[in-house]
Amino acid sequence: MTVDSSMSSGYCSLEEELEDCFFTAKTTFFRNVQSKHPSKNVCKPAEEAQRPPTLQEIKQKIASYNSREKNCLGMKLSEDGTYTGFIKVHLKLLRPVTVPAGIRPQSIYDAIKDVNLAATTDKRTSFYLPLDAIKQLHISSTTTVSEVIQGLLKKFMVVDNPQKFALFKQTHKDGQVLFQKLSIADCPLYLRLLAGPDTEVLSFVLKENETGEVEWDAFSIPELQNFLTILEKEEQDKIQQVQKKYDKFRQKLEEALRKSQGKPG
């Protein structure tokens, strides 16, 4: 599985190509999950298992897919019946991830030799990955969701447990955005083949593997300590914001009182 990337932050568009990088926590510790307006995102129930396609059906589907693919990212069928192609994964992570601290970025040599830079140090730090970053993966029809998640984490040198994350397929219907959590044994390239190349019809999203309440036991002690540091900083920032707000109100009231006292009775 090979990886290509494009990222977006608050300073650039989704189309802009950037180098692989990490963004430090500049927003709230837990980014706002709920909006003030009702969300149109709904969970779609799991679909029933379908009959696997025959080799002839796969050939026809790949030919149809490639005829509609406009970016030279078509699928290729092998003699053994497997096929390879590309998928794009949107990273929509609301919490910081844990990465090794103080190591150099991965080089081409590291990628070729499969060097695990994360294993070269025990030091850890936390970062927010840029919200809605996009990673392009070259995978095969046998690549599972579990392997896709592990490949993404390895590319970003994230050392968190892969079970903390889940891959969703995103579709649109009647003005609603539908998310369906994929099984770790699902094969994303097959889903891409069925849906066609249009990412408006189907796209893949990496999110936290939410099970309701935050499972604090799944975090290591350094992670929890780092979360506390982030929360303490945010608490001080909020206190300063409130103090500045009321200082401004006080100044306006005092100014209004002085003007009132200066007027003739």
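# A chat about helix 4 and its surroundings

Reader: Helix 1 and helix 4 are roughly perpendicular to each other, so I'd like to start there: at what angle do they pack, and how far apart are their axes?

Author: Please keep in mind that this is a predicted model. In the model, helix 1, residues 55–68, packs on helix 4, residues 188–195, at an angle of about 70°, and their axes are 9 Å apart. Angles of 65 to 115 degrees count as roughly perpendicular, which is why the pair is described that way.

Reader: And which way does helix 1 pass helix 4?

Author: Helix 1 passes helix 4 in a left-handed crossing.

Reader: Which residues meet there?

Author: From helix 1 there are Lys61, Ile62 and Tyr65, and they meet Arg192, Leu193 and Leu194 of helix 4. Sorted by class, this contact has four nonpolar residues and two charged ones, with no polar residues.

Reader: Okay, staying with helix 4, which of its residues are buried?

Author: The buried residues of helix 4 are Pro188, Leu189, Leu191, Arg192 and Leu193. Their packing partners are helix 1, helix 3 and four strands, namely strand 4 (83–91), strand 7 (133–140), strand 8 and strand 10 (203–208).

Reader: What comes right after helix 4?

Author: Gly196 follows helix 4, and the phi of this glycine is positive, near 90°.

Reader: Which residues have a positive phi without being a glycine?

Author: Cys72, with a phi of about 55°, is one of them, and Met157, with a phi of about 60°, is another. They are worth pointing out because most residues other than glycine have a negative phi.

Reader: Where do Cys72 and Met157 sit, and is each buried or exposed?

Author: Cys72 lies in the loop between helix 1 and strand 3 (76–77), where it is exposed, with a relative accessible area of 78%. Met157 belongs to the loop that runs between helix 3 (145–155) and strand 8 (165–173), and at 15% relative accessibility it counts as buried, because the cut-off for buried is under 20%.

Reader: New topic: what does Leu182 touch further along the chain?

Author: Leu182 is in the loop between strand 9 (176–181) and helix 4, and it is buried, with a relative accessible area of 7%. Leaving out residues up to four places away in sequence, Leu182 touches Val145, Leu167, Phe168, Lys169, Leu191 and Phe204. Phe204 is 22 residues away from Leu182 along the chain, and their C-alpha atoms are separated by 9.7 Å.

Reader: And Asn209, where is that, and what is it in contact with?

Author: Asn209 is placed in the loop between strand 10 and helix 5 (221–262), and it counts as partly exposed at 24% relative accessibility. Setting aside neighbours within four places in sequence, Asn209 is in contact with Gln163, Lys164, Phe165, Ala166 and Lys181. Lys181 is 28 residues from Asn209 along the chain, while their C-alpha atoms are 9.0 Å apart.

Reader: Last one, stepping back to the whole chain: how many helices and strands are there, and what share of the residues is buried?

Author: The chain has five helices and ten strands, and buried residues account for 34% of its 265 residues. Of the contacts between residues at least 6 apart in sequence, 73% join residues at least 24 apart. The accessible surface of the chain is about 17,500 Å², and carbon and sulfur atoms hold 53% of that.

How values were computed
Residues numbered from 1 in each chain as written. Predicted model: local features only at pLDDT ≥ 70, side-chain atom pairs only at ≥ 80, totals over all residues. Heavy atoms only, no water. Helix = DSSP H or I, 4+ residues; strand = E, 2+ residues; numbered from the N terminus. Buried < 20%, exposed > 50% of the residue type's maximum accessible area, 1.4 Å probe, protein only. Contact = heavy atoms within 4.5 Å. Areas by Shrake-Rupley, 256 points an atom, 1.4 Å probe, with all protein chains shown as cover. Axes fitted to C-alpha atoms, helices over the stretch in contact; angles between N-to-C directions. Parallel < 35°, antiparallel > 145°, perpendicular 65-115°, else oblique. Left-handed = near helix turned anticlockwise from the far one by under 90°. Nonpolar A, V, L, I, M, F, W, Y, C, P; charged D, E, K, R; others polar.
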